[in-house]
Amino acid sequence: MEPGSVENLSIVYRSRDFLVVNKHWDVRIDSKAWRETLTLQKQLRHRFPELADPDTCYGFRFCHQLDFSTSGALCVALNKAAAGSAYRCFKERRVTKAYLALLRGHIQESRVTISHAIGRNGTEGRAHTMCIEGTQGCENPKPSLTELVVLEHGLYAGDPVSKVLLKPLTGRTHQLRVHCSALGHPVVGDLTYGEPSGQEDRPFRMMLHAFYLRIPTDAECVEVCTPDPFLPSLDACWSPHTLLQPLDQLVQALRATPDPDPEDRGPRPGSPSAILPGPGRPPPPPSKPPETEAQRGPCLQWLSEWTLEPDS
């Protein structure tokens, strides 16, 4: 992908109820700040002015979030009912996501289960960042689980790098970036959780991409697989030399994984053992604690704008 502009929005899925875009890196989803020159909101208004809804805060109903620096699949609901059905899929943990990333160093294991609890960093000067449990200043850590499979080893600008597929089984803020950093293999180009030595001035972007997304709503299954941006033909600094796991095999397994029943409160969709090589079954993801009144309040406020009626 070339750098983002207001004209070059990439659409990877469209139906009557949903759009899925392939978001550029270093583009915010929405913003009311006057200094923002480009947001996904502005790209959508430019491409689809007829779809903008004046009754919403930003004109479009974004079903989930991607970090400013992360590229890839992001779903937009085109009406209140669609937004409500997508919201319920996320709330019931029936959404499947997989990311591609380039990580520092050569990871020796073919598969890694990362289960560090993640909390907000209360250390002075580290506002808006997250950290793992046991780190000084870590506040209110919550169970978090990520599955990682190594695809390739190679070099990025001469430094050892691993290309990986990441499957988050929980949805904590900055989860993938924090987990990879805690593993000792931060995302290439991650200025927040990456190398402090100054070598992160080399990449032109953070190498984290939302690759696969499936939202099995009652009306339709929104399923997309975005193009792989981490190819030598697209970035001459990336030079893979050892293939460990073909990506297309993992994509087939992701697509073939059945969606769980909405009433099933068991493991998350797409049990990691179904798509990742290696013996045995990884530990189940942490159970979701009961929703508190403090958590339910913002959800109801969100639903009052986005959906036809709140969940009962």
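These legends go with three close-up views of a predicted model. Local features need pLDDT of at least 70, side-chain atom pairs count only at pLDDT 80 or more, and totals for chains, interfaces and linings use all residues. Residues are numbered from 1 along each chain as its sequence is written, and side-chain values use heavy atoms, with hydrogens and water left out.

**View A. Helix α2 and its two ends.** Here you can follow α2, residues 80–91, a helix being a DSSP run of H or I with at least four residues. Its end C-alpha atoms are 16 Å apart, which agrees with the 16 Å expected for 12 residues, taken as 1.5 Å times one less than the number of residues. At the N-terminal end, Asn79 acts as the cap, with a side-chain oxygen 3.3 Å from the backbone nitrogen of Ala81. After α2 comes Arg93, with a positive phi near 60°.

**View B. The buried residues of α2.** Look for Ala82, Ala83, Gly84, Ser85, Ala86, Tyr87 and Cys89; buried means under 20% relative accessible area.

**View C. Two cysteines without a disulfide partner.** A disulfide is a pair of cysteine sulfur atoms within 2.5 Å, and by this rule the count is 0. The sulfur of Cys75 has its closest cysteine sulfur in Cys63, at 3.9 Å, so the two are too far apart for a bond. Cys75 is buried, at 0% relative accessible area. For Cys131, the closest cysteine sulfur is that of Cys138, 3.4 Å away and also too far for a bond. Cys131 is buried too, at 5%.

Definitions and conventions
Buried < 20%, exposed > 50% of the residue type's maximum accessible area, 1.4 Å probe, protein only. Helix = DSSP H or I, 4+ residues; strand = E, 2+ residues; numbered from the N terminus. Polar contact = N/O pair within 3.5 Å; in protein donor to acceptor, adjacent residues only side chain to side chain.
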